[in-house]
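Work through the exercises below with the sequence and the model at hand. Each task is followed by a solution in steps.

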Amino acid sequence: MNPSENSAGAAADIRWSGQRVDAVEAGALPGLERVSGLVRSVRTPEFAGITFHEVLAKSALNHVPDTARMLPGEWTINPYRGCSHACIYCYARPTHEHLGMGLGTDFETQIVVKTNVAEVLRTELAKKRTLPDRVALGTNTDPYQRAEGRYRLMPGIIEALAGAGVDFSILTKGSLIRRDLDLLVQASRKVDVQLGLSIAVVDDELQHLMEPGTPSASARLATVRAIRDAGLDCTVFAAPFLPGLTDSAEQIDELLAAIEGAGATNVLPTLLYLQPGVKELYLAWVDREHPHLSAGYRRIYRDGTRASREYAGEFHARLRPAMLRHGFRLPGPEVHDLFALHGRRGKGSEAPAPRAAAPTLF
Ligand code: SF4
């Protein structure tokens with residue numbers, strides 16, 4: 001557990017319907033004072049080790065400030081806070097600290113569920129004089145994490161957005177999105193629907209270590225295929241590439257070949273970004289699991305959150321020919337819209353360049 005953890009794991013042991021059900025007042029749960037609208041906290045054997053804090057949210061739409069790094073001016077919806085997918089590199093982890101919880105184990109096991117999110121969204125959209133141009137889901141925590149199989153919040157959100165005529169995008173690592181494919185196809189007849197799957201690691205052992213709560217890469221690739229077969233576009237976020245672990249020319253090629261084989265419309269590759277808090281967590285994981293990479297990581301991320309220019313240049317030299325070889329165009333220098341079609345499959349792409357040299361940094 002991260003030293004900053006303030007686990008709310010002492011919440012009452014409550015079961016879903018069909019099992020034992022009780023209600024707990026928010027004030028009765030020490031450590032949850034900053035979780036507003038709390039109705040009850042729930043544990044079930046189906047989700048061992050995870051506590052769900054069910055809240056009645058006052059609002060569903062969040063406006064991302066213009067100062068935000070990735071999505072200036074965007075509107076987002078986060079039906080869940082915290083994420084049981086538990087990716088060690090997850091940049092959303094620090095958002096859990098706003099709830100008075102830790103960014104380590106708490107983020108993965110103390111999941112806040114906005115049970116009324118669809119209803120609140122419908123009300124908000126009905127009241128708004130100016131509707132959002134587009135709403136993004138999955139830019140913070142994953143809307144198709146495992147709990148969605150139980151809570152089924154996404155169908156109501158999709159119906160509310162499509163019904164109001166609001167375009168939307170969904171980014172997920174969850175193959176559970178396949179459950180809602182028919183609904184998404186129906187929505188796409190009314191509004192612009194952009195779907196993205198995030199796939200960073202194809203090696204099963206490494207994926208299990210780094211993203212222990214996620215479906216396998218093969219399940220996610222099959223989801224890309226299912227989305228494409230349903231007639232919708234699907235961007236794959238090849239993200240993040242991890243220095244020393246997934247960044248060799250061979251590994252890049254293997255990932256892009258799998259993505260191409262799944263029929264992805266576009267690829268958006270990004271390098272590991274380590275913001276404060278996550279950086280310490282991630283480096284501690286590297287020290288524990290891959291100590292031979294420790295010095296290299298500290299050199300590459302010596303200046304803060306982003307990889308050094310030197311490393312990024314070497315990585316790009318390996319990425320570029322692989323992108324072209326698999327028919328994907330390279331991203332531009334700035335990412336203002338997560339679905340800005342960086343790496344769109346190119347007709348008339350440049351001819352494949354020779355393979356870049358193997359990485360030299362480790
Ligand atoms: S799926 Fe996304 S939100 Fe969830 S832990 Fe992984 S990176 Fe974070």
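**Exercise 1.** Find which residues of helix α5 are buried, and what covers them.

Solution. The model is a predicted one. Start with the helix, which spans residues 181–188. Its buried residues are Leu181, Leu183, Leu184, Val185 and Ala187. Next, look for what lies over these residues: the cover includes the helices α4 (154–164) and α7 (217–229) as well as the strands β8 (167–172) and β9 (193–198).

**Exercise 2.** Give the strand order of the open sheet of four strands, and name its edge strands.

Solution. The order is β1-β2-β6-β5, and the pairing is mixed. β1 (38–42) and β5 (80–81) each pair on one side only, which makes them the edge strands. Inside the sheet, β2 (residues 51–55) pairs with β6 (residues 110–114) in the parallel sense, over five bridges. One residue to locate there is His53, whose bridge partner in β6 is Val112.

**Exercise 3.** Describe the open sheet of seven strands and the helices α4 and α8 that pack on it.

Solution. Read the order first: β3-β4-β7-β8-β9-β10-β11, with mixed pairing. β3 (61–63) and β11 (266–271) have a single partner strand each, so one side of each is left without a neighbour in the sheet. On average, neighbouring strands of this sheet are turned by 25 degrees against each other, direction ignored.

Then take one pair of strands. β7 (residues 134–137) and β8 run parallel and are joined by four bridges. Leu137 stands opposite Ile170 in β8.

Last come the helices. α4 touches β4 (75–77), β7 and β8, and its direction makes about 165 degrees with that of β7. α8 (residues 249–261) touches β10 (234–241) and β11, and its direction makes about 165 degrees with that of β10.

**Exercise 4.** Classify the aromatic pairs Phe241 with Phe315 and Tyr282 with Tyr297, and state where their residues lie.

Solution. The model has seven aromatic pairs. For Phe241 and Phe315, the ring centres are 5.0 Å apart and the planes stand at 50 degrees, so the pair is tilted. Phe241 is in strand β10 and Phe315 in helix α11 (residues 309–325), so the pair ties together parts 74 residues apart in sequence. Phe241 is buried at 1% relative accessible area, and Phe315 is buried at 4%.

Tyr282 and Tyr297 are 5.4 Å apart centre to centre with 65 degrees between the planes, an edge-to-face pair. Tyr282 lies in helix α9 (residues 278–289) and Tyr297 in helix α10 (residues 294–300), 15 residues apart. Tyr282 counts as buried at 0% relative accessibility, and Tyr297 counts as buried at 0%. Together with Trp285 and Tyr301, Tyr282 and Tyr297 form one aromatic cluster.

How values were computed:
Residues are numbered from 1 along each chain as its sequence is written. This is a predicted model: local features need pLDDT of at least 70, side-chain atom pairs count only at pLDDT 80 or more; totals for chains, interfaces and linings use all residues. Side-chain values use heavy atoms; hydrogens and water are left out. Buried means under 20% relative accessible area, exposed over 50%, partly exposed in between (1.4 Å probe, protein chains only). Helices (H or I, at least four residues) and strands (E, at least two) are DSSP runs, numbered from the N terminus. Contact means heavy atoms within 4.5 Å. Two strands pair if DSSP finds at least two bridges between them. Axes are lines fitted to C-alpha atoms, for helices over the stretch in contact, and angles run from 0 to 180 degrees between N-to-C directions. Rings of Phe, Tyr and Trp (its six-membered ring) pair if their centres lie within 6.5 Å; planes under 30 degrees apart count as stacked, over 60 as edge-to-face and the rest as tilted.
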